[in-house]
Amino acid sequence: MATEKQINYAMALLKRNGYRTDYMDASFKALGARMKERSGRVRDWLSEMDKSRISDLISALAN
């Protein structure tokens, strides 16, 4: 599971890149979120990721 530090960093990067940080929407599809996942809260989606997946997301958002 993702660490709290990874989740917080990903949340900051999402905000910096113009994504919502409360509830997910269709824009998260570009980040690999499945349809079922896009109906929930951003923090919940991040916390359910394994360390490898959230690391890939962080790398994509940081560039």
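Which residue forms a salt bridge with Arg53, and how far apart are the closest N and O atoms?

1. In this predicted model, Arg53 pairs with Glu37 in a salt bridge whose closest N and O atoms are 3.4 Å apart. Arg53 belongs to helix H3 (residues 51-62), whereas Glu37 sits in the loop between helix H1 (4-16) and helix H2 (42-47), so the pair ties together parts that are 16 residues apart in sequence.

2. Glu37 also meets the side chain of Arg34 in a salt bridge, with an N to O distance of 2.6 Å. Taken with the contact described above, this places Arg34, Glu37 and Arg53 in a network of salt bridges.

3. The members of this network can also be described by their accessibility. Glu37 is buried, with a relative accessible area of 19%, and that classification follows because buried means under 20%. Arg34, at 51%, is exposed, because the cut-off for that class is over 50%, while Arg53 is partly exposed, with a relative accessible area of 26%.

4. A further salt bridge is formed by Asp22 and Arg20, and here the closest N and O atoms are 3.1 Å apart. Asp22 is partly exposed, having a relative accessible area of 34%, and Arg20 likewise counts as partly exposed, with a relative accessibility of 36%.

5. As to the overall count, the structure holds four salt bridges, among them the Asp22 pairing with Arg20, the Glu37 pairing with Arg34 and the Arg53 pairing with Glu37.

Technical notes. Residues are numbered from 1 along each chain as its sequence is written. This is a predicted model: local features need pLDDT of at least 70, side-chain atom pairs count only at pLDDT 80 or more; totals for chains, interfaces and linings use all residues. Side-chain values use heavy atoms; hydrogens and water are left out. Buried means under 20% relative accessible area, exposed over 50%, partly exposed in between (1.4 Å probe, protein chains only). Helices (H or I, at least four residues) and strands (E, at least two) are DSSP runs, numbered from the N terminus.
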